[in-house]
Amino acid sequence: MLSARTVKAVLSTTSRASLSKNAGRITSIVAMTKRSASTNSEITHPDSDVPKETIDTIQRYNKYTLNTYARPDLMFTHGKGCYIYDTNNRKYLDFSAGIAVNALGHADEEVAKTLYEQAMKLVHCSNLYHNENAGALAEKLVTETVQQGGMNAGKVFFANSGTEANEGALKFGRKWGNLVEPSGKKHKIVSFTNAFHGRSMGALSATYNPKYQKPFAPLIPGFEVAEYNNVDDVKRLIDDNTCAVIIEPIQGEGGVHPANAEFLETVRKECNEHNALLIYDEIQCGLGRTGKLWAHQYFPDSCRPDVLTMAKPLANGIPIGAILITDKVADIIKIGDHGTTFGGNPLATGVALSVLNRLTKPEFLKQVSSTGDVLKKGLEDIHNAYPKLVKDVRGNGMMLGIEFTKDPTPIVKMARERGLLVITAGSNTVRIIPSLTLTEAEAQEGLNLFKSAVHQFSESQ
C-alpha cells in the first residue's frame with residue numbers, strides 16, 4: 001500500500017494528461033491510505049475520557065484502600081461474555097479474562113443462576129460437616145482427570161486461591177520428606193527461574209524473582225532454584241535431600257514459556273530416583289486453557305505429577321483453589337495435618353461443579369483449540385509483519401504469549417485505548433488469555449485491534 005507521501009510525489013510528477021487518465025486510481029489510493037492511517041491511529045477509548053464522577057470516586061476510595069497495583073483511572077461496572085464496560089459505558093474486548101479467571105466470560109447466566117440458587121440454600125457450614133457439593137466436585141475432578149488422560153488422580157483438597165493451593169502442596173512435600181527421612185534432612189524444595197507460584201511466604205520462596213522476594217527477606221529456608229528447561233541443572237539440584245519439586249508445565253507470569261518434553265521427563269525421572277514429590281502448578285495453564293483439561297496432557301505419560309494445583313477458572317471468579325493428589329500422597333496426609341475455614345464451602349464448590357461440567361466437555365475443549373489456532377495464526381502474522389519488533393509467539397490454545405524485542409508495556413495502554421484489554425508477562429511478553437468462550441469472530445476483532453496497537457508502538461520507536 002502506498003503512503004500519503006508517495007501519493008503526493010506521484011501527483012507532483014505526473015502530467016496533466018496522465019493525471020486525468022489515472023484520476024480514479026489515485027483517488028482510490030488516497031482513500032485506501034487514509035483508511036489505513038485511520039485504522040492504525042484510531043483511539044476510540046482514550047484513558048483521559050473518564051467521567052469526573054468516576055475520578056472523584058476513585059480518589060475517595062484510594063484514601064481507604066491499600067493500593068498495590070498501578071491502575072489507570074478506569075472503573076468497570078458490568079460485562080457480558082467476552083466484553084466488559086466502564087462507567088462511560090464504553091465496551092472493551094477482554095483478552096485478559098481477569099488474569100485467566102473468567103473462563104466462561106462475564107455475567108454468564110448459568111453461573112449466575114447456580115450462584116443465586118446455592119446462596120438461597122447454603123453458603124457456608126464449615127469443614128466440620130459434610131456438604132453435598134464439595135464431594136461431588138472432588139469426584140468430578142478425579143474421574144475427569146483420569147478419563148481424559150491426565151495424572152493418576154486419587155483425592156482432592158479444597159482451598160480458596162491458587163496461592164493457598166500451592167502452600168498446601170508445599171506442606172505435603174515437606175511431610176513426605178519427613179516420613180521418608182525422619183532426620184529432617186530431606187526438606188529441600190526445587191523451583192525454577194521465571195516461576196510464579198504466589199505471594200505468601202512459602203509460595204513466594206518458590207517464586208524466583210528478586211522484585212517479589214527482596215522486600216520480604218529472609219524467606220522460608222530450604223528452597224533452591226534450577227534453570228527452566230535446563231536438564232543438566234535439574235540433575236545437579238535434585239538429590240536425596242529433595243522432598244519436592246514444583247513447576248509450571250507452561251509458565252504464565254514468567255512469559256508463557258512451555259516446558260519441553262525431555263526436560264519434564266528428566267524432572268520426573270530425578271524425582272523417582274530420589275523419592276521426591278513432583279508438583280505441577282496448573283493454576284493458570286490448567287482447566288481447559290490450552291485446549292486440553294490439563295497442560296501436562298501435552299507431554300508423555302512418563303511426565304505425570306504426584307500433586308497438581310489449580311484455581312483461577314475453577315469457579316469463574318468465585319474464589320476457590322484445589323490440590324489434586326495421587327493416592328500415595330493422600331495416604332500420608334492425616335486428620336489435622338491441614339485445614340481451611342472457607343475452602344470447600346457449598347457456594348464455591350457448587351459454582352465450580354457447574355463450571356467444570358462445561359469446561360470438561362470435548363466439544364468445549366475442541367472449540368478452545370480451534371479458536372486458539374486462529375489467535376496464534378494472527379499473532380504469527382503480526383510477527384511476520386514486524387520481524388524487528390516481535391521476537392517470538394508461543395503457547396497453546398488460549399494461553400499465548402507474543403514476545404517483543406523491546407519492553408511492550410506501552411502496547412497495553414495503546415490496545416486499551418482502542419477497546420482491547422491485554423496484559424504483560426515476564427521477558428517482554430504480552431499475554432493473550434481471553435475467556436475460553438471467545439468466538440473466532442471475536443478473536444479476529446481482537447487481533448485487528450492488537451495489530452493496530454503494535455503498529456502505533458512500532459511508529460513510536
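**Group meeting talk: a walk through the model**

Okay, let's start in the middle of things, with strand 10, residues 277–281. Five of its five residues are buried, so the strand is largely enclosed by the rest of the structure. Keep in mind, please, that what we're looking at is a predicted model.

Which way do the side chains of strand 10 go? Leu-277, Ile-279 and Asp-281 point one way, Leu-278 and Tyr-280 point the other way, and all are buried. So what does strand 10 pair with? One partner is strand 7, residues 242–247, which runs parallel to strand 10 and is joined to it by four bridges. Another partner is strand 11, again in the parallel sense, with three bridges. If you want a residue to click on, take Ile-279. Its bridge partner in strand 7 is Ile-246, and it also stands opposite Val-307 in strand 11. For anyone new to this: strands of a sheet pair through backbone hydrogen bonds, either parallel or antiparallel.

Next up, helix 7. This helix covers residues 132–147, which makes 16 residues. Here's a nice check you can do yourselves. At 1.5 Å a residue, helix 7 should span 22 Å, and its end C-alpha atoms come out 23 Å apart, which agrees.

Which residues of helix 7 are buried? Quite a list: Asn-133, Ala-134, Leu-137, Ala-138, Lys-140, Leu-141, Val-142, Glu-144 and Thr-145. And what covers them? Among the covering elements are helix 6 (109–119), strand 4 (155–159), strand 11 (307–310), strand 12 (321–325) and helix 14 (346–359). So strand 11 turns up again: it pairs with strand 10, and it helps cover helix 7.

Look at the two ends of helix 7 as well. At the N-terminal end, Asn-131 acts as a cap, with a side-chain oxygen 2.9 Å from the backbone nitrogen of Asn-133. Just after the helix, Gly-149 takes a positive phi of about 90°.

Asn-131 also brings us to the cavity. How many cavities of 30 Å³ or more does a search of the whole structure find? One. The largest cavity holds about 40 Å³ of space. Asn-131 is one of the residues lining it, and others include His-124, Cys-125, Ser-126 and Asn-127, plus Thr-341, Phe-342, Gly-343, Gly-344, Asn-345 and Pro-346.

Now for the other sheet I want to show you. This is an open sheet of four strands, in the order 1-2-3-15, with mixed pairing. Strand 1 and strand 15 (420–421) are at the edges with a single partner strand each, so one side of each has no neighbour in the sheet. Strand 15 is joined to strand 3 by two bridges, and those two run parallel. Within that pairing, Leu-93 stands opposite Leu-420.

Stay in that area and find Ser-96, in the loop between strand 3 (91–94) and helix 5. Is Ser-96 buried or exposed? At 9% relative accessibility, it counts as buried. Its side chain makes a polar contact of 2.6 Å with the side chain of Asp-94. Leaving aside residues up to four places away in sequence, Ser-96 touches Leu-421, Ile-423 and Ile-433.

A little further along there are a couple of backbone oddities. Ile-99, in helix 5 (residues 97–100), isn't a glycine, yet its phi is positive, near 60°. Ile-99 is partly exposed, with a relative accessible area of 39%. Then there's Ala-107, in the loop between helix 5 and helix 6. Ala-107 isn't a glycine either, and its phi is positive at about 55°. With 48% relative accessibility, Ala-107 counts as partly exposed.

One more backbone feature: where is the cis peptide bond between Ala-217 and Pro-218? Pro-218 lies in the loop between helix 10 (210–213) and strand 6 (223–226), and omega for that bond is about 0°.

Last stop, Asn-67, in the loop between helix 4 (52–62) and strand 1 (76–80). At 42% relative accessibility, Asn-67 is partly exposed, and its side chain reaches the backbone nitrogen of Tyr-69 at 3.1 Å. For a sense of distance, Asn-67 and Ala-441 are 374 residues apart in sequence and 37 Å apart in space, C-alpha to C-alpha.

That's my tour, thanks!

Methods: Residues are numbered from 1 along each chain as its sequence is written. This is a predicted model: local features need pLDDT of at least 70, side-chain atom pairs count only at pLDDT 80 or more; totals for chains, interfaces and linings use all residues. Side-chain values use heavy atoms; hydrogens and water are left out. The expected span of a helix is 1.5 Å times one less than its number of residues. Buried means under 20% relative accessible area, exposed over 50%, partly exposed in between (1.4 Å probe, protein chains only). Contact means heavy atoms within 4.5 Å. A polar contact is a pair of N or O atoms within 3.5 Å; within protein, one must be able to donate a hydrogen and the other to accept it, and residues adjacent in sequence count only if both atoms are side-chain atoms. Two strands pair if DSSP finds at least two bridges between them. On a 1 Å grid over the protein atoms alone, a cavity is a set of points where a 1.4 Å probe fits but cannot get out, and a pocket is an open set with protein on both sides within 12 Å along at least five of seven lines; lining residues have an atom within 4 Å of a point. Grid points are joined across faces, edges and corners, and a volume is the space filled by probe spheres set on the points.
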